[in-house]
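Grab a pencil and open the model in your viewer. Below are a few short exercises, each with a worked solution.

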Amino acid sequence: MKPVLPHAQLDWDDQGLPRSRVFDDVYFSDLSGLDETRYVFLEQNALRERFAALPAGGRLVIGETGFGTGLNFLCAWQLFEQHAVAGARLHFVSVEKYPLSAPDLQRALALWPELKPFTDQLLAQYVGIHQGFQRLVLDNGRVTLTLLIGDALEQLPQLDAQIDAWFLDGFAPAKNPDMWTAELFTELARLAAPGSTISTFTSTGWVRRLLNAAGFKMKRTPGIGHKWEILRGVFLGWPEEVPTPAAAKPWFARPTPRTGERRALVIGAGLAGCATAASLAARGWQVSLLERHHALAQEASGNPQGVLYLKLSAHGTALSQLIVSGFGHTRRLLEHLHRGVDWDDCGVLQLAFNAKEAERQAQLASAFAPDLVHLLDQPQAEAQAGIALEHGGLFFPEGGWVHPPALCHWQASSANIQWLPHRDVLELRKVDDQWQAWDGDDLLASAPVVILAGAAEIKRFAQSAELPLKRIRGQITRLAQTPESQSLATVVCAEGYVAPARQGEHTLGASFNFKSDDLTPTLAEHLGNLALLEEISPDLTTRLHAQELDPQQLEGRAAFRCTSPDYLPIVGPLAEQAAFADAYAVLSKDARQVPDTPCPWLEGFYVNSGHGSRGLITAPLSGELLAAWIENEPLPLPRAVAEACHPNRFAVRQLIRGKI
Ligand SMILES: Cc1cc2nc3c(=O)[nH]c(=O)nc-3n(C[C@H](O)[C@H](O)[C@H](O)COP(=O)(O)OP(=O)(O)OC[C@H]3O[C@@H](n4cnc5c(N)ncnc54)[C@H](O)[C@@H]3O)c2cc1C
Ligand SMILES: C[S@@+](CC[C@H](N)C(=O)[O-])C[C@H]1O[C@@H](n2cnc3c(N)ncnc32)[C@H](O)[C@@H]1O
């Protein structure tokens with residue numbers, strides 16, 4: 001288990017400037033901090049000229065060691081805004097071991113009134129910032145910030161990106177030598193795009209020599225303020241004497257970057273389809289969103305309330321990493337929606353309803369920061385939930401409930417998205433470079449790129465029929481709020497969940513039925529849900545008068561969850577199955593082989609499905625992941641997590657087991 005990293009511990013000097021207690025160093029030199037940032041980082045990387053030269057649809061990727069107060073990021077954003085054309089994008093990736101708390105960040109950034117329009121947007125999105133990769137979508141997607149929360153040497157090796165300009169800003173080398181090591185500079189070189197530039201405020205000789213040895217050509221240049229000299233450089237290429245880093249396995253490699261028309265079909269308008277459409281639309285794509293029903297969110301994504309619940313593991317599994325990153329991303333998107341109607345951050349309490357669960361919870365509480373999750377004993381849990389409870393549990397203060405259709409509507413509202421209801425796609429055909437969506441003899445739409453977001457229905461297409469997706473029926477029960485149930489103040493979960501009322505109704509969920517294919521709500525599953533409520537809290541059961549309700553009158557809805565065998569979603573480009581089996585047939589004899597054969601991609605064909613019972617957490621970030629695959633951008637998740645979600649994982653496993 002990794003130690004939990006605290007927020008930055010700051011002292012404020014008599015000028016109101018922050019200073020790190022751990023590193024005994026300043027975040028920026030003094031009130032000329034702004035000039036210094038602009039000179040050291042923006043000017044030395046020629047960002048004004050490079051921003052001005054970006055075409056519409058172009059982007060520049062900046063990488064930084066040490067996000068700190070975000071001053072460098074905000075200055076870069078301001079310059080970008082001043083000089084880049086509409087339709088160009090800025091992508092900023094920054095690693096930070098000790099993120100500032102939100103109040104500290106606000107206080108530090110109040111020093112720069114001229115940055116206020118940018119600062120305000122950053123602060124509004126500075127929630128849910130926890131360990132690992134955290135994506136922030138700013139200015140309607142024109143600016144993307146990916147924060148890697150953790151030690152630079154642990155996080156950067158997980159990053160898959162091509163950085164055009166590096167800012168090295170990790171406190172003075174003498175005070176923080178860990179941020180200036182040969183090992184870290186090797187990572188900067190691995191991630192550097194051809195012709196990448198780099199700059200830093202220090203001119204320390206050994207830093208310069210180590211950067212040169214990593215493949216950069218560094219030069220001293222006159223400094224500014226207290227700095228006599230600083231360093232700037234360019235990436236010349238990977239040094240010959242150093243072994244080249246291992247490339248991704250060909251079946252997980254990036255498909256050849258696309259050029260030409262930026263038009264896509266997204267099939268299915270639940271959480272996965274709407275998120276995918278939103279991520280592409282934010283990148284300037286024209287998206288046709290096809291849905292068989294008359295409206296968005298009519299199937300699994302149509303429940304009145306879903307829970308933002310984090311089923312974590314203390315062992316840092318790919319799923320657990322995905323959940324922490326996905327939760328942060330969804331939580332930030334929700335800030336754009338109407339609190340109390342579309343969602344509520346009332347917190348989520350997971351009860352320790354038996355000894356095994358209590359033990360699991362204790363492990364989790366020590367593996368994650370308390371602002372993400374902490375333990376409550378039974379009296380504390382009761383005080384938090386506002387009802388009588390028999391157990392304490394784990395509390396997620398930033399969690400809550402969401403009305404999933406509201407999130408879908410918000411994501412599908414871009415002017416770049418064409419909404420096409422009543423379109424039931426039965427077949428996909430590739431003609432020239434276009435994917436055509438057909439319903440019998442009717443051509444519904446066509447585009448060079450298609451994304452399948454139809455949950456388990458994607459198996460109906462020949463191209464994706466082999467994906468191992470299963471449907472699990474689930475039913476929720478709607479319960480009218482009573483005067484006594486108004487005290488319920490958080491979502492409470494045991495085996496089931498119940499949420500504080502939305503518009504006068506509580507959602508109680510949910511059954512799991514692996515056998516039934518029928519979506520008519522059943523009495524048996526309503527009764528099952530009431531049993532789940534009784535297990536959560538007999539007191540709440542009484543407050544809701546649940547025993548006195550006529551079971552025949554209970555209302556609710558049922559839908560299918562769609563799960564994969566490893567419970568991870570399926571997100572990314574798809575290969576042509578028969579050609580794939582031929583290309584990598586050798587794996588059935590020797591699983592360690594990595595044939596040098598390029599993957600036979602189905603060009604322009606992608607999948608976003610398999611979100612199981614946690615689509616609220618995984619689907620929105622999967623939209624960003626898919627857009628990153630399509631646009632050849634920095635991935636919003638660690639490489640290993642993106643591979644764990646990759647559609648090709650199943651075909652590889654099958655080959656290795658000799659089953660194809
Ligand atoms: C009872 C229940 C309770 C749940 N509770 C929670 C919870 O508390 N928290 C949580 O995070 N998650 C929860 N989930 C899971 C969550 O709802 C799903 O993970 C999520 O909605 C999946 O979104 P999706 O877009 O992949 O699928 P869907 O919402 O099912 O959307 C797929 C869409 O594609 C359309 N479609 C399919 N094929 C075609 C085609 N060929 N042509 C045109 N349209 C097509 C369908 O009509 C549908 O609208 C719950 C699910 C259920 C069933
Ligand atoms: C000088 S400050 C960065 C200032 C920042 N660029 C700004 O614009 O405000 C250095 C930052 O590096 C972070 N840091 C120090 N050691 C680190 C490490 N090993 N990994 C990641 N971040 C680290 C510190 O927590 C601190 O926030």
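**Exercise 1: a core residue and its company**

Phe-216 touches Trp-166, Phe-185, Leu-188, Ala-189, Ala-192, Ile-198, Leu-211, Val-234, Phe-235 and Leu-236, leaving out residues up to four places away in sequence; contact here means heavy atoms within 4.5 Å. A word on the ground rules: this is a predicted model, where local features need pLDDT of at least 70, side-chain atom pairs count only at pLDDT 80 or more, and totals for chains, interfaces and linings use all residues. Residues are numbered from 1 along each chain as its sequence is written, chains are lettered from A and ligands numbered from 1 in the order in which they are written, and side-chain values use heavy atoms, with hydrogens and water left out.

Task: which residues touch the most other members of the largest nonpolar core?

Solution.
- Start with the term: a nonpolar core is a set of buried Ala, Val, Leu, Ile, Met, Phe, Trp, Tyr and Cys residues joined through side-chain atoms within 4.5 Å. Buried is under 20% relative accessible area, exposed over 50%, partly exposed in between (1.4 Å probe, protein chains only).
- Among the 80 residues of the largest core, the ones that touch the most other members are Phe-51, Ile-62, Phe-73, Leu-156, Trp-166 and Phe-216.
- Helix α3 (residues 71-83) gives the most to this core, with eight residues. Helices (H or I, at least four residues) and strands (E, at least two) are DSSP runs, numbered from the N terminus.
- Another core, of 73 residues, lies apart from it and includes Leu-280 and Phe-368.

**Exercise 2: the eight-strand sheet**

Task: what is the strand order in the open sheet of eight strands, and which strands are at its edges?

Solution.
- The order reads β17-β18-β16-β26-β27-β28-β25-β29, with mixed pairing. Two strands pair if DSSP finds at least two bridges between them.
- β17 (374-376) and β29 (555-563) are the edge strands, each pairing on one side only.

**Exercise 3: following β28**

Task: which strands pair with β28, and why is β28 largely enclosed?

Solution.
- β25 (residues 470-480) runs antiparallel to β28 (residues 505-509), and four bridges join them. Look for Ala-480 opposite Glu-505, and for Leu-479 with its bridge partner His-506.
- β27 also pairs with β28 in the antiparallel sense, over two bridges, with Val-498 opposite Leu-508.
- β27 and β28 make a hairpin with six residues between them, and Gln-503 in the turn has a positive phi of about 45°.
- Four of the five residues of β28 are buried, so the rest of the structure largely encloses this strand.
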